[in-house]
Structure formats: structure tokens, C-alpha cells
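Let's take a friendly walk through this model together. Have the coordinates open in your viewer, and we will go from one region to the next.

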Amino acid sequence: MSDFFNQLKHLGEEFLESIQHKTKLSTIFDLYTEKVIPTFVSEKDLKEYYEKKMEEVNDFIDKL
């Protein structure tokens, strides 16, 4: 029974570590998109790019 609880504890620790790692990656990505990209791409260009990509996604969904 103690082996089961040790495995459960270990699984919980791995799960927590995984979530912390994903949170750090998300934060790094958010910083990159909010701070770095705007320094070399204008907001207007980004807006046009994302509007075009959304139209492509919507067209793809409609075709399904």
C-alpha cells in the first residue's frame, strides 16, 4: 500500500512540475509576442496578417 502512495505522490510531483514548465513557456512566449515582435513589425502589419490567417482558418472550417 505504501508503494501505491509513493507512486501517487511521485505522479503528483511530476504533474506539478509539468504545469510549472508549461506556465514558464507560456510566459516566455507571451513576452516574445508582446515585446519583441512589435519592435520590428508594425501593429498594422500584424493586424492584417492575423486577419488574413483568420480568414484562411474560417475558409478551411467551411470546407470541412
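In which helix does E51 lie? The answer is helix α2, and that is a good place to begin our tour. Keep in mind throughout that the model in front of you is a predicted one.

E51 is partly exposed, because its relative accessible area is 43%, a value that falls between the 20% and 50% limits used for buried and exposed. This residue also has company: E51 gathers with D45, E48, E55, D59 and D62 in a patch of negative charge on the surface. If you colour your view by charge, these six names are the ones to pick out for that patch.

Stay with helix α2, which covers residues 43–63, and look for a contact between opposite charges. K53 forms a salt bridge with E56, and their closest N and O atoms are 3.5 Å apart. That distance meets the criterion, because a salt bridge calls for a side-chain nitrogen of Lys or Arg within 4 Å of a carboxyl oxygen of Asp or Glu. By this rule, the count for the model is one salt bridge. The position of the two partners in sequence helps to explain the contact: K53 and E56 are three residues apart in helix α2, so about one helical turn separates them. As for their surroundings, K53 is partly exposed at 35% relative accessible area, and E56 is also partly exposed, at 38%.

Next come the aromatic rings. How many aromatic pairs does a search of the whole structure find? It finds one. The pair is Y49 with Y50: the ring centres are 5.3 Å apart and the planes stand at 75°, so the arrangement is edge-to-face. The angle decides this, because planes over 60 degrees apart count as edge-to-face. Both tyrosines are partly exposed, Y49 with a relative accessible area of 42% and Y50 with 47%.

Now move to helix α1, which runs over residues 2–40. F5 is found in this helix, and F5 is partly exposed, with 45% relative accessible area. Together with M1, F4, L8 and L11, F5 makes a nonpolar surface patch of about 590 Å².

Further along helix α1 sits K22. Is K22 buried or exposed? With a relative accessibility of 57%, K22 counts as exposed. To get a sense of scale, compare K22 with H10: they are 12 residues apart along the chain, and their C-alpha atoms are separated by 18 Å.

K35 is another lysine of helix α1, and K35 is exposed as well, at 55% relative accessible area. Here the reference point is I19, which is 16 residues from K35 in sequence and 24 Å away in space, C-alpha to C-alpha. Try drawing both of these distances in your viewer as you finish the tour.

Key. Residues are numbered from 1 along each chain as its sequence is written. This is a predicted model: local features need pLDDT of at least 70, side-chain atom pairs count only at pLDDT 80 or more; totals for chains, interfaces and linings use all residues. Side-chain values use heavy atoms; hydrogens and water are left out. Helices (H or I, at least four residues) and strands (E, at least two) are DSSP runs, numbered from the N terminus. Buried means under 20% relative accessible area, exposed over 50%, partly exposed in between (1.4 Å probe, protein chains only). Patches are made of residues with over 30% relative accessible area and no salt bridge: like charges are joined within 9 Å, nonpolar side chains (Val, Leu, Ile, Met, Phe, Trp, Tyr) within 5 Å. Accessible areas come from the Shrake-Rupley method with a 1.4 Å probe; for residues, only the protein chains shown count as cover. Rings of Phe, Tyr and Trp (its six-membered ring) pair if their centres lie within 6.5 Å; planes under 30 degrees apart count as stacked, over 60 as edge-to-face and the rest as tilted. Lys and Arg count as positive and Asp and Glu as negative; His and the chain ends are not counted. The place of a charge is taken as NZ of Lys, CZ of Arg, CG of Asp or CD of Glu.
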